[in-house]
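Visitor: I would like to learn how to read a model like this one. Please show me, feature by feature.

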Amino acid sequence: MLLRPAWPEDAASLAEAIGHESIARMVARVPHPYRQADAEQWLAQPCGATEPRFLITALDRGGAPVLIGGIAIIAGDTGHELGYWLTPSAWGCGYATEAGRAVIAMARHALPIGRLGAWHFADNPRSGQVLSKLGFRPTGQRMERASAGRDGLSPSIHHALDLDEERRGPMPLAA
């Protein structure tokens with residue numbers, strides 16, 4: 001697996017990789033159908049200094065790199081949030097966890113962010129499992145969140161990760 005920046009020439013492969021209804025239903029900002037023009041628009045958006053975004057690639061059977069997903073930290077309505085998606089053929093292979101660990105390590109050591117949030121739709125427990133593997137914990141916050149792929153609101157669950165905990169070290173045990 002390789003994380004790399006997204007480039008304008010990725011528009012066609014991005015539209016193909018993310019253009020599945022099953023993806024659009026599980027992420028907030030991806031419409032369905034997802035067209036090359038949507039990819040071009042997303043690729044043209046600037047990133048903030050604390051908002052890295054990457055494409056996730058893996059090697060196919062012939063050794064050629066193939067776009068299989070994306071991962072980013074975005075400034076969301078509850079602070080900085082981790083978001084990710086994988087194309088269906090890459091589900092269940094550990095790529096989301098591997099990419100998440102890399103991006104969280106970068107955030108922890110190179111970005112001035114103390115806490116990361118993440119949301120997943122209530123009917124997507126596998127995303128909650130990935131977040132748990134990454135160290136996120138449910139906050140107890142639930143709300144109806146917009147979904148472009150569902151064309152409406154859907155129940156969502158919030159998770160958070162304290163990035164400062166590793167910087168501070170473990171809390172001393174109480175006597």
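Visitor: Let me start with one residue. In which helix does Thr97 lie?

Guide: Place a residue in its element before anything else. Thr97 lies in helix 4, which spans residues 95–110. Keep in mind that this is a predicted model.

Visitor: Is Thr97 buried or exposed?

Guide: Compare the relative accessibility with the cut-off. Buried means under 20%. Thr97 has 8%, so Thr97 counts as buried.

Visitor: Which residues does Thr97 touch, leaving out those up to four places away in sequence?

Guide: Skipping sequence neighbours leaves the contacts made by the fold. For Thr97 these are Val130, Lys133 and Leu134. Helix 5 covers residues 125–133.

Visitor: Ser127 is in helix 5 too. How do I read its side chain, and with which side chain does Ser127 make a polar contact?

Guide: Take burial, then partners. Ser127 is buried, at 11% relative accessible area. Its side chain makes a polar contact of 2.7 Å with the side chain of Tyr84. Beyond residues up to four places away, Ser127 touches Tyr84 and His120.

Visitor: What separates the C-alpha atoms of Ser127 and Met26?

Guide: Read two distances here, one along the chain and one in space. Ser127 and Met26 are 101 residues apart along the chain, and their C-alpha atoms are separated by 8.9 Å.

Visitor: Now a strand. Where is Arg4 found, and is Arg4 buried or exposed?

Guide: Arg4 is found in strand 1, residues 2–4. Do not judge burial by residue type; use the value. Arg4 has a relative accessible area of 15%, so it is buried.

Visitor: Which side chain joins that of Arg4 in a polar contact?

Guide: The partner is Asp10, at 2.7 Å. Asp10 is also among the contacts of Arg4 outside its neighbours within four places, along with Arg53, Phe54, Leu55 and Thr57.

Visitor: Let us step back. How many helices and strands are there in the protein chain?

Guide: Count the elements, then read their order. There are 6 helices and 7 strands. The order is β-α-α-α-β-β-β-α-β-α-β-β-α.

Visitor: What radius of gyration does the protein chain have, and what would a compact globule have?

Guide: Compare the value with the one expected for the chain length. For 175 residues a compact globule would have a radius near 16 Å; the protein chain has 16 Å, so the two agree. Check the box as well: the C-alpha atoms fill roughly 60 × 35 × 30 Å along the principal axes.

Visitor: What share of the contacts comes from residues 24 or more positions apart?

Guide: Such pairs account for 63% of the contacts with a separation of 6 or more. Buried residues make up 41% of the protein chain.

Definitions and conventions:
Residues are numbered from 1 along each chain as its sequence is written. This is a predicted model: local features need pLDDT of at least 70, side-chain atom pairs count only at pLDDT 80 or more; totals for chains, interfaces and linings use all residues. Side-chain values use heavy atoms; hydrogens and water are left out. Helices (H or I, at least four residues) and strands (E, at least two) are DSSP runs, numbered from the N terminus. The radius of gyration is taken over C-alpha atoms; the globule rule is 2.2 Å times the number of residues to the power 0.38. Buried means under 20% relative accessible area, exposed over 50%, partly exposed in between (1.4 Å probe, protein chains only). Contact means heavy atoms within 4.5 Å. A polar contact is a pair of N or O atoms within 3.5 Å; within protein, one must be able to donate a hydrogen and the other to accept it, and residues adjacent in sequence count only if both atoms are side-chain atoms.
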